[in-house]
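Grab your structure viewer and work through these exercises one at a time. Each has a task, then a solution in steps.

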Amino acid sequence: CIQNTGFHEDDKTEDAVGGDEENRTSTVRMSPGREEDTYTQIKPYAGMPKEVLLLYSVQARYRLPREILFWLTIVCTLALVALTITVIVMSPRCLSWWQSSPVYQIYPRSFKDSDSDGIGDLKGILDKLDHFQYLNIKAIWISPFYKSPMKDFGYDVEDFRDIDPLFGSMQDFDDLLAAMHDKGLKLIMDFIPNHTSDTHQWFNLSSSGHAQYKDYYIWANCNTTHAPNNWVSVFGNSSWTYVEERQQCYYHQFLKEQPDLNFRNPHVRREMTEIVRFWLEKGVDGFRMDAVKHILEAKHLRDEPQVDPQQDPDTIDTEFELHHDYTTTQLGLHDILQAWRGEMDVYSREPGRYRFMVAESYDYEETDKTMMYYGTPHVKESDFPFNFYLMDLPTNLTGTGAQGLVNLWMANMPVGKWPNWVVGNHDKPRISSSVGQEYIKVINMLLLTLPGTPTTYYGEEIGMVNINVTIDEIQDPFGKFNPNASRDPQRSPMQWSDGPNAGFSDANHTWLPLHPHHTTVNVEAQQKDSGSVLSQYRALSLLRQTQLPLHRGWMCYIWSDADVFAFLREIDGLDKAFLVVLNFGADSVINLSAITELPEQLTLHMSTNQENYGMPVIKSSIATARGEGLLLEYSTHMRFNPGHASQCFVSEKACYLGALDILYKC
């Protein structure tokens, strides 16, 4: 400091005190009582000692800016915390993977053969994973591939912890699962809790009377000529089979090679829960719970009441001739399913790894039983039960009929739950064959524009139809009992190309015949055709993901008649909305002038008739041809749903805030 010009001797400082005010300086004593330690300083400088800093820091011109910055920082921090909390609280729950994507069902015997034996396998599925990315599908459900004697093509399980050699090995499964996860795909497995194969180790031990396993299945006293009661198998005839070794009958709701497990035995429940854990540890993303309504039976084993009381009891041999009061949907069933849901929730705690659960139960007109699989407001069960009501479209092929089937689910679904839609699977005839190929595009548009999750059975994306199977060619055990009910026609090999065996296999013979039209109806050909069933399916799948009104907005009925079913998709706060017009009858023109919430002119975003793309549409005259579907886009500040609550449905309500481009609860 000696060389700093701001420092002066005391006598010079005293001379300067009486000088001009601008040159006035301050005198600071470094050490009390020591005159030689005092110095003067004109202004603050870098490296000043603490005493000098304190001298200047209390001055208003330094103190006030500092305090202002401090409190401004506090206020901004609190505001950011409050805004973050508000956004979190007000933001609707993000849609999970099983909500944002269609589910695609693979029947593994028929999807792709990699080893030239004429039967599809796991490596074949691995080879075709790009197909799902092309379709913008993220969720893949694969029908059973457990080790099995194949009496019911995998639904008769010999070992729940092994892969049948027909489909590959456990290493093949691990490779498939890893590849799917690498591509952002999710794997849903079939879980078959109701029964095992009669070759399963448990059944062999139970048949021999082993102390630990004797009650793993349902046994009752009987003889070779008299069953314990009149219960009938789903596949026909008595559901009881006599075993000489035990001198008793065992119960089977399906084939005699599929004995029912006894879920009233806690050891059985524990065993099946361990199997669920085994596959969850493997990394599977979800389960389809097969035939859940059959899991429990009444302990009293009474005869079930006949549908026709006058029918001779000895002539009853089909399930539709009895009321199944004692063999389906028994008390305690939902406790079992909720326990499995709890196990899956444990594995869902891993970020980004939610484990999905869907229940399969054909309850027909008893919709209340189906809705119970959603669980309760306090106890979670399946994410949704499969909705099979759209499979009745062939007998309800009108605009009014289609709306009725949609409303059957939406009106009965518990508030806040997520809907889903199915038009085909491995048990039912292909929808293209049931209603005609001319309607496949409009049905796909219905599936992909309704709220909820659509499920697509392999081949529906290209419009595959049933094959003809002769009696000598029947493979299905149900078909062997009743050829008219064979499920083989809808299980034919996937049609990939116009090459040999439709690109499905290099074998000389496939397990089921191919449809003759595979030379024109195949994936390869339709990828090149912008107007094909496949191209339209892909466009709708992409649109469903990108357009807010389509994947989480309101759905409102606005029209139905003998030919046309029309509904709106809108979301509060967003000007953009969609009108879906679907023709299930003859050529038609509808007038929607009475719908004041619609603008006079709409834009044709998509049509199942490609030549109509881009045409302007006037709401007073919306024309559709037979089997045509229109997706019309419009802009409006008026919403239809506030004034028509009885016509509108939403699962997870959300509003759009354009200023911030976010969704919020409303």
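**Exercise 1. Find out whether Glu 473 is buried, partly exposed or exposed, and what surrounds it.**

Step 1: Glu 473 comes out as partly exposed, at 30% relative accessible area. Here buried means under 20% relative accessible area, exposed means over 50%, and partly exposed is anything in between (1.4 Å probe, protein chains only).

Step 2: Place Glu 473 in the loop between β15 (453-457) and α15 (477-481). The element names come from DSSP runs, numbered from the N terminus: helices are H or I with at least four residues, strands are E with at least two.

Step 3: Skip the neighbours within four places in sequence, and Glu 473 is in contact with Asn 468, Asp 488, Leu 512 and Pro 513. Contact means heavy atoms within 4.5 Å.

Before you go on, keep in mind that this is a predicted model: local features need pLDDT of at least 70, side-chain atom pairs count only at pLDDT 80 or more, and totals for chains, interfaces and linings use all residues. Residues are numbered from 1 along each chain as its sequence is written, and side-chain values use heavy atoms, with hydrogens and water left out.

**Exercise 2. Work out which parts the salt bridge between Glu 343 and Arg 277 ties together.**

Step 1: Check the distance: the two side chains meet at 2.8 Å, N to O. A salt bridge needs a side-chain nitrogen of Lys or Arg within 4 Å of a carboxyl oxygen of Asp or Glu.

Step 2: Glu 343 sits in helix α10 (residues 333-347) and Arg 277 in helix α9 (residues 266-282), so the bridge joins parts that are 66 residues apart in sequence.

Step 3: Look at the surface: Glu 343 is buried at 18% relative accessible area, while Arg 277 is partly exposed at 26%.

**Exercise 3. Do the same for Lys 619 and Glu 600.**

Step 1: These side chains form a salt bridge at 3.8 Å, N to O.

Step 2: Lys 619 is in the loop between β21 (616-618) and β22 (622-624), and Glu 600 is in the loop between β19 (588-590) and β20 (601-607), so this pair links parts 19 residues apart in sequence.

Step 3: Lys 619 is buried, with 3% relative accessibility, whereas Glu 600 is exposed, with 52%.

Step 4: Now zoom out: how many salt bridges does the structure hold? There are 25 of them. Some residues join up in a network of salt bridges, namely Asp 152, Asp 427, Asp 476, Arg 487 and Arg 491.

**Exercise 4. Describe how α7 packs on α9.**

Step 1: Two packed helices are described by the angle between their axes and the distance between the axes.

Step 2: For helix α7 (residues 170-182) and α9, the angle is about 55° and the axes are 11 Å apart. That makes α7 oblique to α9. The classes are: under 35 degrees roughly parallel, over 145 roughly antiparallel, 65 to 115 roughly perpendicular, and the rest oblique. Axes are lines fitted to C-alpha atoms, for helices over the stretch in contact, and angles run from 0 to 180 degrees between N-to-C directions.

Step 3: On the α7 side you'll find Met 170, Phe 173, Asp 174 and Leu 177, which meet Phe 278, Trp 279 and Lys 282 in α9. By class, the α7 contact with α9 has five nonpolar, no polar and two charged residues.

**Exercise 5. Trace the sheet that runs from β13 to β14.**

Step 1: Eight strands make an open, parallel sheet in the order β13-β12-β11-β7-β4-β3-β15-β14. Two strands pair if DSSP finds at least two bridges between them.

Step 2: β13 (384-385) and β14 (420-422) are at the edges with a single partner strand each, so one side of each has no neighbour in the sheet.

Step 3: Strand β12 (residues 356-359) runs parallel to β13, joined by two bridges, and Val 358 stands opposite Phe 384 in β13.

Step 4: α9 packs on this sheet, touching β7 (186-191) and β11 (286-289), and its direction makes about 160° with that of β7.

Methods
Ala, Val, Leu, Ile, Met, Phe, Trp, Tyr, Cys and Pro count as nonpolar, Asp, Glu, Lys and Arg as charged, and the others, Gly among them, as polar.
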